[in-house]
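Could you walk me through this model stop by stop, telling me what to select in the viewer and what I will find there? I would like to follow along with the structure open.

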Amino acid sequence: MNNLQLQNDLEKLLAIMPEKVTRNVSVESLEDVIEIVLDIGRRPEVRKADGSIMQLGDSTVTSEDILHVTGFLQDFTKDNRSGIPGTLHRISAIRNRQDKIVGLTCRIGRVVTGTIACIKDFCTMGKSILFLGRPGVGKTTKLREISRLVADELHKRVVVVDTSNEIAGDGDVPHAAIGSARRMQVKQPEYQKDIMIEAVENHTPEVIVVDEIGTEAEAQAARTIAERGVMLIATAHGNSLESLIKNPTLSDLVGGIQSVTLGDDEAKRRASQKTVLEREKQPTFDIVIEIIDRNTLAVYKNAAEAVDYILRGWPIRPEIRKVDKEYNLETTQKDEENKTNIVQEINNLEQKILPQAEDSLKFSFSRKEYVESVKPMKKIYLYAVSRSIVEKVIERLDLNAELTRNVEDADIVLAHKNFAKGGAKVLNTANTYRIQIFYIKTNSMAQIQKVLKEALDIQDASEVLHGYYDDVERALDEAKIAINKILAGAQHIELNPQNQQIRKLQHELVEQHNLESRSVGEGENRHLRIVGGKDFGDDKAS
């Protein structure tokens, strides 16, 4: 859509406005305006993209002004929306208890190109995509541009299910913004689910575009479409993936959740409660994109794994994409290959270091497969943390990280716990941009080094060995304390369960003190019992 077309659309909007509005605004002054608001008894207002509100003139809006505007419009639908034919502008009505219109919100519709350049590689994969975000961040704008991209550049059969004519504008002819995509209008919002199914059954689309999936019936219709092999591009109510999971009406879009009662062994394996929440089925959408603001997107490239991680309480970091940067499919595929290679190397390394590690201690899929490893340069934002010490730790450990002074550009925020309340604004910004926050208790080298390793998810050979030897050291310390109690006169003492390798080391330690021990219990409960006399003979290394 060129500037001339936009100017013509704005002129059509001003043409239906009352004189008290048009004498105070022009086409040029509407460049950064989102809405024109008319409420009876109040002065007209314009609301801008930066959140500012400007009142127009000294005259208040009257009933005649409202009638003047509505006289140019088609009848309002059940959701109190109408529009101007041939444009993307949306006029919404506020009514009193007698059903009389007492206010109008005139939202200016624009075609903004380039908003999906940063996610074009995902749009061309043929996978279903769900957009989340608060009102006014550009969800519908992105649907228009994706519709045009898929229809005109990928030459797919695209059908837009256009409730209230928000995507392709009012009138019988769809707006040029959706390219060669076809548009099916929805008479009333409650019929949206029916039109979605009708589109699949009657018009053989390869792609269906839907705005604002908001009911359980529409979520079920979306699943039906996806199961028929049709690519689905849609938006839904909700600011984040986590809030969508908690929404009982729409959680089916990402697989739904169910309460599961685990057996004792499984609960112990997961180190969790016996009753947990798990994903019920395969998500309707393959990719979930959170629109944080007009220039920042958070992409979950594998919706199923993302939901699993959130339900298990594991840390998760979506891929942040900026509208003003370019990404391509080749780079994305190369990153996935690199990630797979790194995970394989780590798994091979673990097998060499811990050949007798119990499989029951591993989850069905590795945490490292999703949490980003050290391959990209991580940017760290500091709040009340010693910059000099952090720089020394990064240099000493040769970490692939750098410090940034802009929290919006950071991958990780490192904050001092004692000063967290004073940094509410910074930490809220970090939460908004889905940036993980790690807290330190003191500005010491050891504390900062420990938290940085956790934040960067460092898992090299030395750390795996270190974790293993920590377990051995604790087990031997427990055995030493028990031996001293036996020497002081205790009859017998039972230790905590351990694996066979660690129990063998405990047996050897007990034998060095001329005491006897035996392994008792079954399976994961197998442990040592230490006694003072030589009154039994069992395989000490069992």
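Contact, on this tour, means heavy atoms within 4.5 Å. Keep in mind as you click around that the model is predicted.

**Stop 1: Thr-404 and its surroundings**

Start by selecting Thr-404, which is found in the loop between β18 and β19. Thr-404 counts as buried, at 14% relative accessibility. Show the residues in contact with it, leaving out those up to four places away in sequence: Thr-404 touches Lys-379, Ile-380, Tyr-381, Asp-409 and Ala-410. Then add Asn-406 to the view, whose backbone nitrogen lies 3.3 Å from a polar atom of the Thr-404 side chain.

**Stop 2: salt bridges**

Next, turn on the charged side chains; the model has 29 salt bridges. Here are a few of them to look at.

Select Glu-290 and Arg-434, whose side chains meet in a salt bridge with an N to O distance of 2.6 Å. Glu-290 belongs to strand β14 (residues 287-293) and Arg-434 to the loop between α13 (424-432) and β20 (436-440), so this pair ties together parts that are 144 residues apart in sequence. Glu-290 is buried, with a relative accessible area of 1%.

Now pick Arg-317 and Asp-411, another salt bridge, where the closest N and O atoms are 3.4 Å apart. This pair, too, links distant parts of the chain: Arg-317 sits in the loop between α10 (303-312) and β16 (319-322), Asp-411 in the loop between β18 (401-403) and β19 (412-416), and the two are 94 residues apart. Arg-317 is buried, at a relative accessible area of 11%.

Move on to Glu-319 and Arg-321, which meet through their side chains in a salt bridge of 2.6 Å, N to O. Are these two buried or exposed? Glu-319 counts as buried at 18% relative accessibility, and Arg-321 is buried with a relative accessible area of 1%. For a network, select Glu-35, Glu-45, Arg-47 and Arg-107, which are joined into one by salt bridges that share partners.

**Stop 3: strand β15 and its partners**

Select residues 296-300, strand β15. Why is this strand described as largely enclosed by the rest of the structure? Because 5 of the 5 residues of β15 are buried. Look at the side chains next. In a regular strand, side chains alternate between the two faces of the sheet. Thr-296, Ala-298 and Tyr-300 point one way from β15, while Leu-297 and Val-299 point the other way.

Add β14, which runs antiparallel to β15 and is joined to it by 5 bridges. Val-288 stands opposite Tyr-300 in β15, and a hairpin joins the two strands, β14 and β15, through 2 residues. Then add β16, which also runs antiparallel to β15, with 4 bridges joining them. Here Val-299 stands opposite Glu-319 in β16, and Glu-319 is the residue you met in the salt bridge with Arg-321.

**Stop 4: strand β23**

Jump to residues 527-531, strand β23, where 4 of the 5 residues are buried, so the strand is largely enclosed by the rest of the structure. Strand β21 (residues 492-494) runs antiparallel to β23, joined by 3 bridges, and Ile-493 stands opposite Ile-530. Strand β22 (residues 516-520) also pairs with β23 in the antiparallel sense, over 5 bridges; there, Arg-518 stands opposite Arg-529. β22 and β23 form a hairpin with 6 residues between them. Select Gly-521 in that turn to find a positive phi of about 90 degrees.

**Stop 5: helix α3**

Now select residues 63-70, helix α3, and pick out Asp-65, Ile-66, Val-69 and Thr-70, which are buried. They cover an arc of only 130 degrees around the axis, which puts them on the same side of α3. Rotate to the face turned away from that buried side to see the exposed residues Glu-64 and Leu-67. What covers the buried residues of α3? The cover includes α2 (19-22), β1 (33-39) and β6 (101-107).

**Stop 6: cysteines**

Finish with the cysteines. How many disulfides does the structure hold? The count is 0. Select Cys-123 and Cys-118: the sulfur of Cys-123 has its closest cysteine sulfur in Cys-118, 8.8 Å away, too far for a bond. Cys-123 is buried, with a relative accessible area of 1%. Cys-106 also counts as buried, at 1% relative accessibility.

Notes. Residues are numbered from 1 along each chain as its sequence is written. This is a predicted model: local features need pLDDT of at least 70, side-chain atom pairs count only at pLDDT 80 or more; totals for chains, interfaces and linings use all residues. Side-chain values use heavy atoms; hydrogens and water are left out. Buried means under 20% relative accessible area, exposed over 50%, partly exposed in between (1.4 Å probe, protein chains only). The arc is that of the directions from the helix axis to the C-beta atoms. A disulfide is a pair of cysteine sulfur atoms within 2.5 Å. A salt bridge is a side-chain nitrogen of Lys or Arg within 4 Å of a carboxyl oxygen of Asp or Glu. A polar contact is a pair of N or O atoms within 3.5 Å; within protein, one must be able to donate a hydrogen and the other to accept it, and residues adjacent in sequence count only if both atoms are side-chain atoms. Two strands pair if DSSP finds at least two bridges between them.
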